[in-house]
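Me: I've got this model open and I'd like to go through the labels one by one. Can you tell me what each one rests on?

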Amino acid sequence: MNIPETNLPRIVIIGGGFAGISFIKQLKKEKVQVVLFDRHNYHTFQPLLYQVSTAGLEPDSIAYPLRKIFRKYSDFHFRMAEVEQINPKENIISTSIGTLNFDYLVIATGTRTNFFGNENISKNSMPMKTVPQALNIRSLILQNIEAADRSRDEESRRRFLNFVIAGAGPTGVELAGALAEFKKGILEHDYPELNGDEMEVHLIEGQDRVLPPMSEIVSKKAHRFLEKLGVQIHLRSLISDYDGTAVTTKDGKIFPTATFIWAAGVTGAPVPGIKAESLIERIHRYKVDPFNKVEGYENIYALGDIAIMETEEYPKGHPQVAQPAIQQGKRLGKNFSRMLHGKKMEPFEYFDKGTMATVGRNKAVVDIGKLHFGGAVAWFLWMFVHLWFLVGFRNRVVTFFNWTYNYINYDRAARLIIRPFRRK
Ligand SMILES: Cc1cc2nc3c(=O)[nH]c(=O)nc-3n(C[C@H](O)[C@H](O)[C@H](O)COP(=O)(O)OP(=O)(O)OC[C@H]3O[C@@H](n4cnc5c(N)ncnc54)[C@H](O)[C@@H]3O)c2cc1C
């Protein structure tokens, strides 16, 4: 794979997500060789994937080339490849483009969609974890609205215009809100022959409230916001099947739909090779100590969503969101610097900056410590925070421009079927 031999310590990182990037950024001035692997040549800002799915933003606003982030780093090497196996005895990784030895390995592979073993759902539903998947959803939504527009059969029209989302966590809520706004802002203007009332957005959740990870106060607010937008919420409903034509739930409900978006769960994305005792099998996450070192290894670390660090305050590990990943990456990067200068590492401590979710225009909810609020102020705060954390100046400017334009014009300008979605 053409990585130069070196006498410096070689640090190999798997995954250019939030954790991997913030780790590498701390090593700019250190005398080390850094090799980053990712299956994509870009970093994905997952919190805004739903905006790509619902035609609010183009994908290049939320993705950023990994090579560009580190172009000023002297002994940094990126290779676009799938890491397939770790051999901890020999300190070697095997990838889709060859093998490489390492002195230190940092695993930051995040999560993958969890279909809970349901084959039909995995085959027929639309997951939303990557940019190509978000683009598939965008195409499918638009294709189905086109199909409804040319259909004279009421039953099939309803199937095309019924949008069903599994999971009322932040992603499900954000998707449902954006689709409901699509109906109000776009459908009624671009498709004058369609009866807008035929379009329905259903949000299905197994627990007894929307946004289960957030406080009850904001959960109630978000529920009200969604209802105002016309989203139909189905709580305490577990989905049992989707055959490509209708979603069925365990309590006997049936939702005919041609668009079923699965936002109901993720599980860790480990790389084979690490011993079973170091992995919690049920959730596929590596057990790490307070220094993010994988249990049972001296030179292998795990960061972010793939790592589970059990502490007194977080007995089930930190939440699988961006902040713990960013903060762990930063802490471990600083610890590597300390180690290289003969100093002791410092344990990781999580600083909870709060949680937020948006439902739509002027409607977001925020939990920060003892503060729980929703509405326009929360929405502006949500926009500011997301712009701030987007990687790359260009992405921030383009996103800001798009949001301002959409706000003024009630528009979602990226409603283009560039690459039609075809089910395999
Ligand atoms: C739709 C969605 C919405 C979200 N919304 C929010 C939100 O609003 N707020 C929030 O805080 N968090 C949100 N999250 C969660 C947040 O994105 C994750 O917690 C965060 O990305 C974790 O960072 P990470 O670095 O651990 O993993 P990731 O950011 O997932 O990065 C993992 C990287 O590893 C690469 N990779 C994985 N396996 C391999 C392999 N074998 N070989 C090569 N490369 C590999 C992947 O391509 C990816 O680039 C959301 C997640 C999703 C999916």
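**Around the ligand**

Reply: Let's start at the ligand: one of its oxygen atoms is 3.3 Å from a polar backbone atom of V321. Taken alone, the ligand exposes 1,000 Å², and the protein buries 89% of that. Keep in mind that this is a predicted model.

Me: What makes the V321 pair a polar contact?

Reply: The cut-off is a pair of N or O atoms within 3.5 Å. V321 has a polar backbone atom 3.3 Å from a ligand oxygen, so the pair counts as a polar contact. A backbone N or O atom of F18 lies 3.1 Å from an oxygen atom of the ligand, and for A19 the distance is 2.9 Å, so these two pass as well.

Me: Which elements give two or more residues to the shell around the ligand?

Reply: Those are α1 (18-25) and α9 (322-340). The ligand is surrounded by 26 residues, the closest being A19, D38, Q46, V83 and A322. By type, the shell divides into 11 nonpolar, 10 polar and five charged residues.

**Strands and their partners**

Me: Why is strand β13 called largely enclosed?

Reply: Buried means under 20% relative accessible area. Four of the five residues of β13 (residues 200-204) are buried, so the rest of the structure largely encloses this strand.

Me: How do you know that β13 pairs with β12 and with β14?

Reply: Pairing takes at least two bridges. β12 (residues 162-166) and β13 have five, in the parallel sense, and F163 stands opposite V201 there. β13 and β14 (residues 232-234) have three, also in the parallel sense, with H202 opposite Q232. Both counts meet the cut-off, so both are pairs.

Me: What links these strands into β-α-β units?

Reply: Helix α7 (residues 170-190) goes with β12 and β13 in a right-handed unit. Helix α8 (residues 216-229) goes with β13 and β14 in another right-handed unit.

Me: What makes you say that both faces of β18 are covered?

Reply: In a regular strand, side chains alternate between the two faces of the sheet. In β18 (residues 259-262), T259 and I261 are on one side, F260 and W262 are on the other, and all are buried.

Me: How many bridges join β18 to β11 and to β12?

Reply: Two bridges join β11 (residues 126-127) to β18, so this parallel pair just meets the cut-off of at least two. P127 stands opposite W262. Four bridges join β12 to β18, again running parallel, and V164 has F260 as its bridge partner.

Conventions. Residues are numbered from 1 along each chain as its sequence is written. This is a predicted model: local features need pLDDT of at least 70, side-chain atom pairs count only at pLDDT 80 or more; totals for chains, interfaces and linings use all residues. Side-chain values use heavy atoms; hydrogens and water are left out. Buried means under 20% relative accessible area, exposed over 50%, partly exposed in between (1.4 Å probe, protein chains only). A crossover is right-handed if, with the strands pointing away from the viewer, the path from the first strand over the helix to the second runs clockwise. A residue is near a molecule or strand if one of its heavy atoms lies within 4 Å of it. A polar contact is a pair of N or O atoms within 3.5 Å; within protein, one must be able to donate a hydrogen and the other to accept it, and residues adjacent in sequence count only if both atoms are side-chain atoms. Accessible areas come from the Shrake-Rupley method with a 1.4 Å probe; for residues, only the protein chains shown count as cover. Ala, Val, Leu, Ile, Met, Phe, Trp, Tyr, Cys and Pro count as nonpolar, Asp, Glu, Lys and Arg as charged, and the others, Gly among them, as polar.
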